[in-house]
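Trainee: Could you take me through one part of this model slowly, starting from a single pair of side chains and working outwards? I would like to see how the strands are linked to one another.

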Amino acid sequence: MKWFLRRRPSPAAVIAVIALVVALGGTSYAAVTLPRNSVGTAQLKNNAVTSLKVANNSLLKADFKSGQIPAGPAGPAGPAGPAGPAGPAGAAGATGPAGPSDAYAGFKNGPIAAPSSLSTIATLNIPQAGNYVIFAKLWMFDNVNTSVLTDCTLVAGSDTDETRTMLEGNSGVVVAGADVTLQVTHVFAAAGAVALNCNGFGVNISINNVKITAIKVANLTNTGL
């Protein structure tokens with residue numbers, strides 16, 4: 001043994017020793033080092049990658065299935081958008097049915113002698129209940145040379161209209177005559193009548209062209225002006 005250490009090793013021995021070291025070291029290196037991109041899904045066992053082996057903040061939303069990540073809280077409401085343009089005008093609605101409208105009228109040509117006290121000279125019958133607007137007219141003529149302030153009323157139930165008309169008298173030169181018009185509104189709860197009354201206060205007066213018209217309307221409003 002002492003003889004071997006004193007002699008210089010031969011080249012063959014040196015090469016043999018190096019080959020042995022490389023062989024032993026290469027085997028160990030191959031056991032712990034793998035080529036790049038040589039490990040894929042097929043080489044991983046189930047549950048091989050755990051939370052501890054995943055770096056924090058390294059995964060993206062696309063790495064998870066739909067529904068695995070809970071929705072975050074709702075964000076603040078955004079500012080209101082600008083107002084949109086106005087829409088087109090709607091079509092006109094259909095015309096409604098006509099309301100009830102019945103008219104009743106009567107006339108008396110005359111002449112009628114004016115009574116000396118307020119009395120009825122004409123009557124118009126109203127055959128049915130309803131809301132009515134009623135008009136009356138007549139022509140008065142003073143047959144004598146006596147001035148008189150005549151009085152006429154139109155009466156429908158508790159509603160009345162009154163007109164006072166001054167006749168100057170018929171002197172033969174000045175002929176006195178005058179138109180008289182009256183108007184009243186009334187709601188008849190049942191059939192009724194409208195009366196036209198006049199008073200000539202005893203003067204010889206002729207009343208002509210008497211007319212009364214009652215118009216039934218759907219709605220009636222009568223207020224002070």
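Mentor: Start with Arg164 and Asp151, whose side chains meet in a salt bridge with an N to O distance of 3.9 Å. The cut-off is 4 Å, so this pair falls within it at 3.9 Å. Keep in mind that the model is predicted. A search of the whole structure finds 1 salt bridge. Arg164 belongs to strand 6 (residues 159-167) and Asp151 to strand 5 (residues 148-156), so the salt bridge ties together parts that are 13 residues apart in sequence. The two partners sit in unlike surroundings: Arg164 is partly exposed, with 42% relative accessible area, whereas Asp151 is buried at 9%. As background, side chains of opposite charge can pair when their charged atoms come close.

Strand 5 also takes part in a link of another kind. Cys152 and Cys198 form a disulfide, with 2.2 Å between their sulfur atoms, and the search of the whole structure finds 1 disulfide. Cys152 lies in strand 5 and Cys198 in strand 8, so this pair ties together parts that are 46 residues apart in sequence. The torsion about the S-S bond is about 110°, so the disulfide is right-handed. Both Cys152 and Cys198 are buried. In general, a disulfide is a covalent bond between the sulfur atoms of two cysteines.

Next, the aromatic rings. The whole structure holds 2 aromatic pairs. One of them joins Tyr104 and Tyr132, with 6.3 Å from centre to centre and 40° between the planes, and is tilted. Tyr104 is in strand 1 (residues 103-108) and Tyr132 in strand 4 (residues 130-142), so the pair ties together parts 28 residues apart in sequence. Tyr132 also pairs with Phe188: the ring centres are 5.5 Å apart and the planes stand at 85°, so this pair is edge-to-face. Phe188 is in strand 7 (residues 177-188) and Tyr132 in strand 4, so here the parts tied together are 56 residues apart in sequence. Tyr104, Tyr132 and Phe188 form one aromatic cluster. Tyr132 is buried at 0% relative accessibility, and Phe188 is buried at 7%.

Phe188 leads on to Val194, since the two are in contact. Leaving aside neighbours within four places in sequence, Val194 also touches Ala122, Leu124, Ile134, Leu154 and Ile212, among others. Val194 is among the residues with the most contacts inside the largest nonpolar core, which has 31 residues. Ile121, Ile134, Leu138, Leu196 and Ile207 are also in that group. The elements that give two or more residues to this core are strand 3 (119-126), strand 4, strand 5, strand 7, strand 8 (192-199) and strand 9 (205-217). In soluble globular proteins, nonpolar side chains tend to be buried together.

Finally, look at the backbone in a few places. Phe201, in the loop between strand 8 and strand 9, has a positive phi of about 55° although it is not a glycine. Phe201 is partly exposed at 43% relative accessibility. Asn209, in strand 9, is not a glycine either and has a positive phi of about 50°. Asn209 is partly exposed as well, at 35%. A cis peptide bond joins Gly110 and Pro111, with omega about 5°, and Pro111 is in the loop between strand 1 and strand 2 (112-113).

Conventions
Residues numbered from 1 in each chain as written. Predicted model: local features only at pLDDT ≥ 70, side-chain atom pairs only at ≥ 80, totals over all residues. Heavy atoms only, no water. Helix = DSSP H or I, 4+ residues; strand = E, 2+ residues; numbered from the N terminus. Buried < 20%, exposed > 50% of the residue type's maximum accessible area, 1.4 Å probe, protein only. Phe/Tyr/Trp six-rings, centres within 6.5 Å; stacked < 30°, edge-to-face > 60°. Core = buried A, V, L, I, M, F, W, Y, C linked by side-chain atoms within 4.5 Å. Contact = heavy atoms within 4.5 Å. Disulfide = S-S within 2.5 Å.
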